[in-house]
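Student: I should like to learn how pockets, cores and helices are read from a model. Could we work through one together?
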Amino acid sequence: MHAPAIRPRSAIEIVDAAVSLFRDNFTTMAVIGLAASIPFVAAIIAGVGMFAAMRDPQAFINHPMTVVPGMFGFGILMLFWMAVVDGAMTFAAAEAYHGRKPTPADALRGALGKGVSLVGGNLLRMLIVGAVAAVAALAIGITAQASPVVAVLIGIAVAVVAVHLLARTFAITSAIVIENQSAAEGVTRSFFLSKGATLRIVGIALLCIVIYWFAQVISVLLVQTVVRLILRAPVVAAVVGNLAAMVIYPFLNIAIMVLYYDQRVRKEGYDLDVMTGAMPASAGPRS
């Protein structure tokens with residue numbers, strides 16, 4: 001199969017490579033994306049947590065706290081499941097980036113084998129960003145009454161720091177899956193690869209998010225509108241809409257994987273390593 005050349009890329013070239021990988025491996029990525037939908041679909045059908053409001057809006061209005069246990073359990077489940085699914089998408093994307101043809105089963109097996117590290121990496125990312133948010137919320141609460149302007153400035157500063165930390169931790173999943181790092185090593189590796197490139201990473205990530213958001217909104221709205229008009233069933237529309245969204249979701253993981261390799265090329269000359277490894281071994285001296 002055709003594989004993009006591994007070399008330094010501009011932001012547009014990273015997006016183009018991600019789109020090409022997604023298109024050329026659409027079946028594999030779509031299957032993994034649909035696997036990501038399993039907890040969502042089950043929760044929608046069972047009416048767990050906030051999805052209960054879809055079945056009986058009046059009951060939710062009268063007793064809103066009844067959805068809290070379901071929301072908590074669903075959140076814990078998604079923390080574990082999405083860590084594995086993101087890992088599977090990264091595994092498949094990396095295989096395709098090197099010219100191999102990944103299968104959904106291989107990708108999921110590869111991610112499950114690193115499941116503990118993947119979940120740990122997600123938790124560490126949440127703790128790193130969440131700790132900043134918690135300290136900021138405390139500072140804003142203390143200063144809000146004394147000076148609302150200062151509270152707003154602190155809030156803006158916190159948002160900037162949070163985005164900065166998300167950029168610094170962008171490569172955790174890639175490092176765990178591709179380099180077989182532990183959760184803590186993945187964090188260290190991501191901080192190394194992102195050093196001095198935060199603005200570039202944020203810019204590329206925002207570009208990819210905008211593309212993904214437009215594609216998701218158009219596809220989900222189209223599918224849900226058709227389902228609602230034909231079946232007039234909001235639960236079915238929600239299920240089908242979620243499936244449509246998850247088919248597109250792998251694009252983000254593919255783009256992050258391409259960006260991860262791009263940072264390795266820029267910082268470590270990874271493209272030269274690939275070229276050297278692809279060269280045939282030289283023959284020994286003749287006697």
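Tutor: Let us begin with a term: helices are DSSP runs of H or I with at least four residues, numbered from the N terminus. Please note also that this is a predicted model.

Student: How is empty space found, and what volume does the largest pocket have here?

Tutor: Rolling a probe the size of a water molecule over the atoms shows where empty space is left. In this model, the volume of the largest pocket is about 730 Å³. Its lining comprises 26 residues, of which R125, L166, F170, I209 and I256 are the closest to the centre.

Student: Which helices supply at least two residues each to that lining?

Tutor: They are α6 (68-97), α8 (115-144), α9 (148-168), α10 (172-179), α12 (198-231) and α14 (250-268). The most comes from α12, with seven residues. Sorted by class, the lining holds 18 nonpolar, six polar and two charged residues.

Student: Which members of the largest nonpolar core touch the most other members?

Tutor: A residue counts as buried when its relative accessible area is under 20%. The core has 56 residues, and F251, I254, M257 and V258 touch the most other members. Helix α6 contributes the most to this core, namely 13 residues.

Student: What does V258 touch beyond four places away in sequence?

Tutor: V258 is in contact with R9, I14, A17, A18, L21 and Y97. Within α1, the buried residues are I14, V15, A17, A18, S20, L21 and F22.

Student: How far does α1 reach from its first C-alpha to its last?

Tutor: Helix α1 (residues 11-24) has 14 residues and reaches 20 Å, close to the 20 Å expected at 1.5 Å a residue.

Notes: Residues are numbered from 1 along each chain as its sequence is written. This is a predicted model: local features need pLDDT of at least 70, side-chain atom pairs count only at pLDDT 80 or more; totals for chains, interfaces and linings use all residues. Side-chain values use heavy atoms; hydrogens and water are left out. On a 1 Å grid over the protein atoms alone, a cavity is a set of points where a 1.4 Å probe fits but cannot get out, and a pocket is an open set with protein on both sides within 12 Å along at least five of seven lines; lining residues have an atom within 4 Å of a point. Grid points are joined across faces, edges and corners, and a volume is the space filled by probe spheres set on the points. Ala, Val, Leu, Ile, Met, Phe, Trp, Tyr, Cys and Pro count as nonpolar, Asp, Glu, Lys and Arg as charged, and the others, Gly among them, as polar. A nonpolar core is a set of buried Ala, Val, Leu, Ile, Met, Phe, Trp, Tyr and Cys residues joined through side-chain atoms within 4.5 Å. Buried means under 20% relative accessible area, exposed over 50%, partly exposed in between (1.4 Å probe, protein chains only). Contact means heavy atoms within 4.5 Å. The expected span of a helix is 1.5 Å times one less than its number of residues.
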